[in-house]
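Morning, everyone. I'll take confidence, then the core, then one helix. Here is the model.

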Amino acid sequence: MAIRKSNKLAQSAVLRQILKRCSSLGKKHGYDDDGLPVDVPKGHFAVYVGENRSRYIVPISFLTHPEFQCLLRQAEEEFGFVHDMGLTIPCEEVVFRSLTSSLR
């Protein structure tokens, strides 16, 4: 039982890091005083997907879905947590759209 709790805590820490990184991308044009993008509604975050790095706005609730967490682990393995452009998901747009439509 302790192993499961430890895994959940580690997973929770990773998710907090991702959210912190997504919400602190800097105070550039298009960002409010808190460093949050002005075009992203509260409770959502932006990700970049596919070869062309198309931008998608997704609800934070997706972070609890195992399928989306798998994409986040792939992103961490491929890119780490340092992103100049924001959180990049390493999959094709068609796959991403199919996955996110099933999560809604």
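First, a term: pLDDT is the predictor's confidence in each residue, from 0 to 100. Helices (H or I, at least four residues) and strands (E, at least two) are DSSP runs, numbered from the N terminus.

This is a predicted model; local features need pLDDT of at least 70, side-chain atom pairs count only at pLDDT 80 or more, and totals for chains, interfaces and linings use all residues. Residues are numbered from 1 along each chain as its sequence is written, and side-chain values use heavy atoms, leaving out hydrogens and water.

Mean pLDDT is 78 for the protein, with 66% of residues at 70 or more. Which elements sit at the two ends of the pLDDT range? Helix H1 (residues 2–23) has the lowest mean, 63, and strand S2 (residues 54–59) the highest, 93. Residues 24–28 fall below 50. Where pLDDT is low, don't read the predicted coordinates in detail.

Now the core. A nonpolar core is a set of buried (under 20% relative accessible area, 1.4 Å probe, protein chains only) Ala, Val, Leu, Ile, Met, Phe, Trp, Tyr and Cys residues joined through side-chain atoms within 4.5 Å. The largest has 16 residues; Val47, Phe68, Ile89 and Phe96 have the most contacts (heavy atoms within 4.5 Å) inside it.

Last, H2, residues 66–79. Its buried residues are Phe68, Gln69, Leu71, Leu72 and Ala75. Seen down the helix axis, they fall within an arc of 155° (directions from the axis to the C-beta atoms), so they line one face. On the other side, Pro66, Glu77 and Glu78 are exposed (over 50%; partly exposed is in between). Just after H2, glycine 80 takes a positive phi of about 75°.

Note on methods: The expected span of a helix is 1.5 Å times one less than its number of residues.
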